[in-house]
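Q: Could you take a close look at one part of this structure for me? Please also show how it fits with what surrounds it.

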Amino acid sequence: MPAKDVMTAQPPMVPESDNGWDSLLQEISHRPKRATERKQDRSKRTEQQILTGALRVFARDGISRSRIADIAAEAGISASTLYEYYKSKEDLAYDLPLSHLAEFFEGYHVAAANKTTRERLLLYLVMSADYAREHAEWARLFYLEIWPSVFVTDTDLRHSINDFTRVLLFLVNEAIAEGWIARDRNIYETVAMLTGGINQIIITWLLYRKPRNLTKAGNEMAERLIAVLEIEAHAKQ
């Protein structure tokens, strides 16, 4: 996630209870998608066809070079039908990542149950890389097209991007309270370091398919980042 978004979400600097943790994960994993009046099952199926087709086209051609006609053809519908659902390809592009982000947060919430703060932080970073590997078309759209866009702040997607940071801020706060991350360091710089390290591994893999094993590389990077923070905290004791 972009470092600029680290500075937009600023929760209290005090550690929260497990109830606060569960509430945070439940909130962000069930964040509603944009308002819609499409309630018929047939319409929902059509929307899913559009999203699936758009993901393929965007991943292949990029947002700027994609055309509504190409997306409609990939989805097996007419362009006029697509316009009934989305007013532009940009509107569609920014809606696409939401369901995947909700799925990621839900999966993480379950996997992180009954783990220590350190284990939760490590798992969060590793799962970020592994989710990108498992959903490469989505990751290409999100990390290479949408993440760098200056227009994302004008969309509902910005909330989910900030949610990623909120989880890290929660965990870093907990680690500070437990004494294994230095208290005198800027917490937002710490979060930016964590996100930047993992994101760079993901982006390099998306562009060059290196490292070959993204899951292994993500785990190694996460361990190194956390170890650096632990060594720094120990040196200040």
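**A close look at the last helix and its setting**

A: With a relative accessible area of 81%, N114 is exposed, and this residue is found in the loop between α6 and α7. Please keep in mind that we are looking at a predicted model. Phi of N114 is near 65 degrees, which is a positive value in a residue other than glycine. Most residues other than glycine have a negative phi, and most peptide bonds are trans. Keep that rule in mind, as it comes up again on the way into the last helix.

Here is the overall setting. The protein has 11 helices and 0 strands, and from the N terminus on the elements run α-α-α-α-α-α-α-α-α-α-α. Buried residues make up 50% of its 237 residues. Among contacts between residues at least 6 apart in sequence, 74% join residues at least 24 apart. The protein exposes about 12000 Å², and carbon and sulfur atoms supply 51% of that area.

Now to the part itself, starting with the loop that leads into it. R209 lies in the loop between α10 and α11, and its phi is near 55 degrees, again a positive value in a residue other than glycine. R209 counts as partly exposed because its relative accessible area is 42%. In the loop between α10 and α11 you will also find P211. The peptide bond from K210 to P211 is cis, with omega near 0 degrees.

At the start of α11, a side-chain oxygen of N213 comes to within 3.3 Å of the backbone nitrogen of T215. The helix then covers residues 214-235, which is 22 residues, and it reaches 31 Å from its first C-alpha to its last. That is close to the 32 Å expected at 1.5 Å a residue.

Which residues of α11 are buried? They are L214, A217, G218, A222, L225, I226, L229 and A233. These residues cover an arc of only 160 degrees around the axis, so they are on the same side of α11. The spacing behind such a pattern follows a simple rule: an α-helix has 3.6 residues a turn, so residues three or four places apart point the same way. What covers the buried residues of α11 includes α7 (117-134) and α10 (187-208). On the other side of α11, K216, R224, I231, H234 and A235 are exposed.

Helix α4 (residues 68-75) makes a handy companion to this picture. Its buried residues are I68, I71, A72 and A75. They fall within an arc of 100 degrees seen down the axis of α4, so they line one face of the helix. Just after α4, G76 takes a positive phi of about 75 degrees. An unreviewed UniProt entry lists residues 67-86 under "DNA-binding region". Over residues 67-86, the chain is 75% helix and 0% strand, and the end C-alpha atoms are 13 Å apart.

Ahead of α4, G62 is found in the loop between α3 (41-61) and α4. G62 counts as buried because its relative accessibility is 4%, and buried means under 20%. Leaving aside neighbours within four places in sequence, G62 is in contact with V57 and E145. G62 and L144 are 82 residues apart in sequence, yet 9.0 Å apart in space, C-alpha to C-alpha.

Helix α6 (residues 89-111) rounds off the tour, and E106 has its place there. At 37% relative accessibility, E106 counts as partly exposed. Not counting residues up to four places away in sequence, E106 touches S29 and H30. The C-alpha atoms of E106 and Q26 are separated by 7.7 Å, although these residues are 80 apart along the chain. D95 has its place in α6 too, and D95 is buried because its relative accessible area is 4%. The side chain of D95 makes a polar contact with the side chain of Y86, at 2.9 Å.

To return to the helix you came for: the buried residues of α11 are on the same side, and what covers them includes α7 and α10.

Note on methods:
Residues are numbered from 1 along each chain as its sequence is written. This is a predicted model: local features need pLDDT of at least 70, side-chain atom pairs count only at pLDDT 80 or more; totals for chains, interfaces and linings use all residues. Side-chain values use heavy atoms; hydrogens and water are left out. Helices (H or I, at least four residues) and strands (E, at least two) are DSSP runs, numbered from the N terminus. The expected span of a helix is 1.5 Å times one less than its number of residues. Buried means under 20% relative accessible area, exposed over 50%, partly exposed in between (1.4 Å probe, protein chains only). The arc is that of the directions from the helix axis to the C-beta atoms. Contact means heavy atoms within 4.5 Å. A polar contact is a pair of N or O atoms within 3.5 Å; within protein, one must be able to donate a hydrogen and the other to accept it, and residues adjacent in sequence count only if both atoms are side-chain atoms. UniProt positions are given in the numbering used here, feature names are shortened, and annotations may be inferred rather than shown by experiment. Accessible areas come from the Shrake-Rupley method with a 1.4 Å probe; for residues, only the protein chains shown count as cover.
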